[in-house]
Amino acid sequence: MTVTAVQKDTDKLTLDLTAEFDATPERVWQLWADPRQLERWWGPPTYPATFTEHDLTPGAHVAYFMTGPTGDQPHGWWTILEVDPPRSLSFRDGFANEDGSPNPDFPEMTVHVAIADLGGGRSRMSIQSRFPTPAAMEQLVAMGMVEGLTEAVGQIDAILAEDFVARA
């Protein structure tokens, strides 16, 4: 599995996930920049994502839904804050109603993605989620956020392995 660490800091209201990949930062960036690749890993295996809007320009909107094993479709949104390809991405993240409007029953969070070059064709990706309140953090963690994010990122190696098969 690619995930090397998951740390929850209740004092700072952050959840940090770190993963390492046998891929360059540019290749790891494509996992975020290409919505068809993002669909293959954003969300745990039992809740694959479908992106209906995807623009990684500051101020732009991203919209998606996940389809669960019983056909339920939770929706989500991002508002892009900062982009520095292939090094970083920051966005506001929240749940959405079916019409795409933010769902006030669930807290929003700020997510910062950093992609570092480890040399030798390897990269480290860090995803930090920052919560507005302790209650918001508790609510999302209780919903399975830690396990879901870990499972989601754990799917990336298989996508990257296809690159090597395609070149062989």
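This section describes the aromatic pairs, the largest pocket and the surroundings of one serine in a predicted model.

Aromatic contacts were searched for over the whole structure, and 12 aromatic pairs were found. One of them joins tryptophan 41 and tryptophan 42. Their ring centres lie 5.7 Å apart. The planes meet at 80°, and the pair is edge-to-face. Tryptophan 41 is buried, with a relative accessible area of 0%. Tryptophan 42 is also buried, at 9%. Both values fall under the 20% limit, so both residues count as buried.

Tryptophan 42 has a further ring partner, tyrosine 64. Here the centre-to-centre distance is 6.3 Å. The planes stand at 90°, so this pair is edge-to-face because the angle is over 60 degrees. The pair links distant parts of the chain, with the two positions 22 residues apart in numbering. Tryptophan 42 sits in the loop between helix H2 (35–39) and strand S3 (49–53). Tyrosine 64 belongs to strand S4 (residues 61–66). Both partners are buried. On a wider view, ring pairs connect Trp32, Trp41, Trp42, Phe51, Tyr64, Trp78 and Phe91 into a cluster.

Tyr64 also appears in the description of the largest pocket. This pocket holds about 730 Å³ of space. Its lining comprises 31 residues. Closest to the pocket centre are Pro44, Tyr64, Met66, Phe95 and Met145. Several secondary-structure elements each supply at least two lining residues. The strands among them are S4, S5 (75–84), S6 (88–96), S7 (109–119) and S8 (122–130). Helix H4 (145–153) is included as well. H4 gives the most to the lining, with 6 residues. By class, the lining has 17 nonpolar, 10 polar and 4 charged residues. Tyr64 thus has two roles in this account: it is a member of the ring cluster, and it is one of the lining residues closest to the pocket centre.

Strand S6, which contributes to the pocket lining, also contains serine 90. Serine 90 is buried, with a relative accessible area of 8%. That value is under 20%, which is why the residue is classed as buried. Beyond its neighbours within four places in sequence, serine 90 is in contact with Thr79, Ile80, Leu81, Glu82, Val111 and His112.

Methods. Residues numbered from 1 in each chain as written. Predicted model: local features only at pLDDT ≥ 70, side-chain atom pairs only at ≥ 80, totals over all residues. Heavy atoms only, no water. Phe/Tyr/Trp six-rings, centres within 6.5 Å; stacked < 30°, edge-to-face > 60°. Buried < 20%, exposed > 50% of the residue type's maximum accessible area, 1.4 Å probe, protein only. Helix = DSSP H or I, 4+ residues; strand = E, 2+ residues; numbered from the N terminus. 1 Å grid on protein atoms, 1.4 Å probe; cavity = no way out; pocket = protein on both sides within 12 Å on 5 of 7 lines; lining within 4 Å. Points joined across faces, edges and corners; volume = space filled by probe spheres on them. Nonpolar A, V, L, I, M, F, W, Y, C, P; charged D, E, K, R; others polar. Contact = heavy atoms within 4.5 Å.
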